[in-house]
Amino acid sequence: MKNIAILGSTGSIGTQALEVVRANPARYKVDVLTAQRNAELLIAQALEFQPEVVVITCEEHYAQVKQALPNTEVLCGEDALVAAVQLPQTNLVLTAIMGAVGLKPTIAAIEAKKDIGLANKETLVVAGELIMQLAKAHGVKIIPVDSEHSAIFQCLTGEDINDIEKIYLTASGGPFRGKDRSFLAHVTKKEALKHPNWVMGAKITIDSASLMNKGLEAIEAKWLFGLQAEQIEVVVHPQSIIHSMVQFTDGSIKAQMGLPDMKLPIHYAFSYPNRLKSDFERFSFLKYPQLTFAEPDLQNFRNLQLAYIAMEKGGNMPCIINAANEVVVDAFLKEQVGFLEMSDIIETCMQDIPFIEKPTLNNYLETDQQTRIFASRHVTK
Ligand code: MG
């Protein structure tokens, strides 16, 4: 029996994680469920899975959740996430919340020696070096849930990490693959939210459309697998069947494949180091006679390039692009900025926020706040 805390249980990853738990009731027990503001779904989940602790971070919904769950410990506020990940019986914390807000509970979980199912890429983007050092110091495993990183993690089973020559992160290219800037200048929120292959939350879907998601994933991969920027290559693969690949020093390449379904990497993270049977739909080669590959378009999709610049620069620069990106994506979803303006504002932040070469945790938290304020000013202009 594995005891799991799910941070962000009402989101896309959270609800799929609960499907995995539901299908394997003898193996997994849910200790903690948390949501930002979807009180109704959180209550329904708590009634079904009977966790010990429930957290609603948005305080205005606290009374409603508390009243509906008289026999459960109900907490509220972001600090409650830090407390919730430290229950003695919890083995694994699935970090499925969106954004840099995942940083503090992830650190708390690592310090409490809980393994991490990492579905919050922003944590590694913001403070990857610090998180990986902390995990090593506490003997904690970080098991990636992001499909690309799960693919690489699976390809590395039985391999020596020093034998990696490079990795290929596959990208679907999103809904605007092949479009130019004059087209992109006028795309709407509705169009950007239609991802061709993956069903995901709004923020990551916009990030996929702008290729920022792949940029953030490159930074995530750098820290997870101890790579240099030049060892991480993005390749556009519109079918999303190969989830990513590792090329070893002898020239051999391993790929991990399957239908695009986030339940698979979640299932693997939960069962790791074992593989458990599942009844997920199987891939058919005959239905996909062609798997195609192309170079990413860095001219029209500048975010990917900005993320690589940030990765190479290091320090607090990835933290800057992440915070700026969270602000502009939110503004795009509120129809306050255009699609291309998102990259412009991120670039302005990269130029104007003070660079710190060796940031502390406090430096990261300050940079995050400072960038959000600065980026918001450009949004309301
Ligand atoms: Mg991904």
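This report walks through the metal site, salt bridges, aromatic pairs and surface of a predicted model.

## The magnesium site

A good place to begin is the magnesium ion. Its protein donors are Asp146 (OD), Glu148 (OE) and Glu217 (OE), which lie 2.0 to 2.1 Å from the ion. Along the chain, these donors follow the spacing D-x1-E-x68-E.

Are the donors Asp146 and Glu148 buried or exposed? Aspartate 146 has a relative accessible area of 10%, so this residue is buried. Glutamate 148 counts as buried too, because its relative accessibility is 7%. The metal donors also have a part in the charge pairing of the model: Asp146, Glu148 and Glu217 are linked with Lys121 and Lys214 in a network of salt bridges.

## Salt bridges along the chain

Side chains of opposite charge can pair when their charged atoms come close. How many salt bridges are there here? The count comes to 17 salt bridges.

One of them joins the side chains of aspartate 115 and lysine 141, at 3.8 Å from N to O. Aspartate 115 lies in strand S6 (residues 115-118), while lysine 141 is in the loop between helix H6 (121-137) and strand S7 (142-144), so the pair ties together parts that are 26 residues apart in sequence. Lysine 141 has a relative accessible area of 40%, and is therefore partly exposed.

Another salt bridge is formed by lysine 254 and glutamate 159, whose closest N and O atoms are 2.9 Å apart. This pair links distant parts of the chain, 95 residues apart: lysine 254 is in strand S11, and glutamate 159 is in the loop between helix H7 (147-155) and S8. Both partners can be placed by their accessibility. Lysine 254 counts as partly exposed at 28% relative accessibility, and glutamate 159 is partly exposed with a relative accessible area of 33%.

Aspartate 261 and lysine 263 form a further salt bridge, with 3.5 Å between the closest N and O atoms. Here the two partners fall on either side of the 20% cut-off for burial. Aspartate 261, at 23% relative accessibility, counts as partly exposed, whereas lysine 263, at 16%, counts as buried.

## Aromatic pairs and a cluster

Turning to the rings, the structure holds 9 aromatic pairs. Among them is the pair of tyrosine 28 and phenylalanine 270, an edge-to-face arrangement with 5.4 Å from centre to centre and 65° between the planes. What does this pair link? It links distant parts of the chain, 242 residues apart, with tyrosine 28 in strand S2 (residues 28-35) and phenylalanine 270 in helix H12 (residues 263-271). Tyrosine 28 and phenylalanine 270 are both buried.

Phenylalanine 176 and phenylalanine 339 also form an edge-to-face pair, 5.3 Å centre to centre and with 90° between the planes. Phenylalanine 176 comes from the loop between strand S8 (164-171) and helix H8 (181-184), phenylalanine 339 comes from helix H15 (residues 339-352), and 163 residues separate them along the chain. Phenylalanine 176 has a relative accessible area of 3%, so this ring's residue is buried. Phenylalanine 339 counts as buried as well, because its relative accessibility is 4%. These two residues belong to one aromatic cluster, together with Phe183 and Phe332.

## Charges over rings

Rings can also be found with a lysine over them. The charged end of lysine 222 sits over the ring of tryptophan 223, at 4.8 Å from the ring's centre. Lysine 313, in turn, lies over the face of phenylalanine 355, and is 4.5 Å from the ring centre.

## Out at the surface

Which residues make the nonpolar surface patch of about 360 Å²? They are Met257, Phe285 and Leu286. Methionine 257 is found in strand S11 (residues 253-257), the strand that also holds lysine 254. With 32% relative accessibility, methionine 257 counts as partly exposed.

A last stop is aspartate 79, in helix H4 (residues 79-84). Aspartate 79 counts as exposed because its relative accessibility is 61%. Between aspartate 79 and proline 105 there are 8.1 Å in space, C-alpha to C-alpha, and the two are 26 residues apart in sequence.

Key. Residues numbered from 1 in each chain as written. Predicted model: local features only at pLDDT ≥ 70, side-chain atom pairs only at ≥ 80, totals over all residues. Heavy atoms only, no water. Phe/Tyr/Trp six-rings, centres within 6.5 Å; stacked < 30°, edge-to-face > 60°. Helix = DSSP H or I, 4+ residues; strand = E, 2+ residues; numbered from the N terminus. Buried < 20%, exposed > 50% of the residue type's maximum accessible area, 1.4 Å probe, protein only. Lys NZ or Arg CZ within 6 Å of the ring centre and 35° of its normal. Patch = residues over 30% accessible without salt bridge, like charges linked within 9 Å, V, L, I, M, F, W, Y side chains within 5 Å. Areas by Shrake-Rupley, 256 points an atom, 1.4 Å probe, with all protein chains shown as cover. Salt bridge = Lys/Arg side-chain N within 4 Å of Asp/Glu carboxyl O. Donors = N, O, S within 2.8 Å, 3.2 Å for Na, K, Ca; no water.
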